[in-house]
Amino acid sequence: MTDIKILWADDEIDLLKPQILFLEQKGYTVDPVSNGHDALDKFKNIHYDLIFLDEHMPGISGLETLARIKAINKDVPVVMITKNEEENIMEEAIGSQIADYLIKPVRPNQILLSIKKLTENKRLVSEKTSTNYRQEFQNISMELNNVNDHVEWAELYKKLIYWELELEKADNPDMKNILDMQKAEANKEFFKFVTKNYLKWLKEPGKESTPTLSHTLFKNKIIPNIDGDCPTFFILIDNLRYDHYRMMESILKEDFRKVSEDYFYAILPTTTQYSRNAIFSGLMPSEIDKKYPDKWFYDDENAGKNLHEEFFMNEQFKRFGIDLKTSYTKITNHQAGKVLEDTILNLMNNTFNVIVYNFVDMLSHARTEMEVLKELASDEAAYRSLTMSWFDHSPLFNAIQKLKEKKVRIIISSDHGTMRVQNPSKIIGDKATTTNLRYKTGKNLNFNEKEVFFIKNPEEAFLPKSNLSSSYVFAKEDYYFCYPNNYNHFVNYYRNTFQHGGVSIEEMIVPVVVFESK
């Protein structure tokens with residue numbers, strides 16, 4: 001039985017007794033009235049879950065009654081019922097935010113379907129989604145045991161994100177907890193996969209078994225997508241994860257056609273200094289250090305680490321023998337974003353435009369430091385929601401909107417993702433050891449070997465070293481480094497914050513998506 005209460009207004013209400021009796025037998029409570037005035041009197045004094053409203057009634061019309069109902073409570077769904085199939089009546093009703101539109105004569109099952117769709121939709125979707133995930137759970141578990149290359153890992157990650165977003169909409173905490181455990185298991189296996197293959201990838205860049213990495217992104221994914229017939233905009237949103245992109249895609253697809261969806265693997269450490277410099281230079285960090293020693297700074301040096309990306313990009317184009325009219329814009333604050341919004345059409349004269357937008361990265365770090373943002377982004381779902389809200393109202397989205405009437409190609413990607421950390425890992429190092437929570441480089445590092453990917457010889461991983469005995473460690477899964485001094489304070493301070501630099505699916509597998517104006 002159900003406790004759903006329905007108000008039904010129709011000047012021929014007596015003829016609808018069979019339909020009303022049918023609904024009452026199904027457990028619904030129906031209050032019948034024969035005109036708009038009586039409907040409004042009832043609605044003012046009684047809570048209804050749904051209203052059926054005849055479009056043509058004596059006294060005040062259905063459309064006028066609808067307007068007055070919405071003025072009292074706009075959230076109650078209203079189904080307009082009419083004999084009139086004229087398009088202007090339909091458009092006016094839809095414009096008045098009706099929930100459904102039915103043409104007389106209405107059959108009992110037609111009415112029942114509308115009720116279920118409007119009052120039980122969330123429950124039915126939740127139940128169906130949960131059932132589907134239960135069936136898929138075993139398939140994903142089997143895939144986890146058999147996945148063995150970078151393509152399969154990317155597909156598995158996309159599948160996990162799909163179910164995470166679906167279960168989030170279904171609002172089923174129990175199923176969501178099961179998925180969280182499955183994601184944790186995936187990261188455990190992914191760590192084994194990366195530690196086994198990462199150094200091999202760096203030595204065998206052309207092999208099919210080697211994914212596109214940060215330093216080969218331009219060569220493999222960006223340059224082939226530059227359209228000589230129209231301007232191409234490469235928008236790199238720092239710290240953008242695949243699930244964040246999925247949320248943004250829903251509004252981008254309203255005005256742009258998705259051409260392709262791809263991915264690359266961010267190099268280690270999965271940080272802006274390393275991955276983004278590698279992207280624009282087409283070189284690994286140690287190669288940048290050797291080729292441009294005045295433009296690479298070690299972690300412990302007090303200098304800007306990402307100040308030469310435009311120079312690196314132009315040098316990379318020169319190496320490939322590519323001559324393009326380019327622009328490079330970096331946005332690090334709201335005011336710069338507003339300038340981009342106002343001037344983006346000026347970039348239409350260039351073949352290739354880079355826009356690096358730092359907001360998501362700033363949000364991640366601000367969330368660590370500001371209590372109010374810790375409340376607003378307390379978990380994955382809240383963090384996604386906050387990121388989506390930013391994008392929907394951002395100067396970046398407003399700028400992109402200005403391009404929708406133009407012939408353009410847009411490539412959206414990032415330099416790395418981010419991981420919500422939960423498990424502390426003790427580490428000891430000297431004063432020169434880096435401060436990042438997901439990776440450390442320095443001399444005489446002391447750590448738990450089971451919780452890290454240890455690279456004793458940085459040259460093997462094409463990583464620069466500030467002295468002869470430097471080594472690197474990368475936190476696995478959702479671990480984060482804490483020093484023994486004041487250990488408990490920092491464990492609690494950083495737990496459940498979003499960090500990057502380590503080895504996880506969320507940090508390493510980065511979307512590369514191409515859109516064109518429709």
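This short presentation covers one pocket and one sheet of a predicted model.

Residues are numbered from 1 along each chain as its sequence is written. In this predicted model, local features need pLDDT of at least 70 and side-chain atom pairs count only at pLDDT 80 or more, while totals for chains, interfaces and linings use all residues; side-chain values use heavy atoms, with hydrogens and water left out.

I begin with the second largest pocket, which holds about 250 Å³ of space. A pocket here is an open set of points on a 1 Å grid over the protein atoms alone, where a 1.4 Å probe fits, with protein on both sides within 12 Å along at least five of seven lines; lining residues have an atom within 4 Å of a point. The volume is the space filled by probe spheres set on the points, which are joined across faces, edges and corners.

The lining comprises 13 residues, and D180, A184, M419, Q422 and D478 are the closest to the centre. Helix 8 (173-203) supplies the largest share, 4 residues. Strand 11 (419-420) also gives at least two. Helices (H or I, at least four residues) and strands (E, at least two) are DSSP runs, numbered from the N terminus. By class, 7 lining residues are charged (Asp, Glu, Lys, Arg), 3 are nonpolar (Ala, Val, Leu, Ile, Met, Phe, Trp, Tyr, Cys, Pro) and 3 are polar (the others, Gly among them).

I turn now to the sheet. Its 3 strands form an open, antiparallel arrangement in the order 13-16-15, where pairing requires at least two DSSP bridges. Strand 13 (439-442) and strand 15 (452-455) are the edges, each pairing on one side only. Between strand 15 and strand 16 (471-475) there are 4 bridges, and V452 stands opposite A475 of strand 16.
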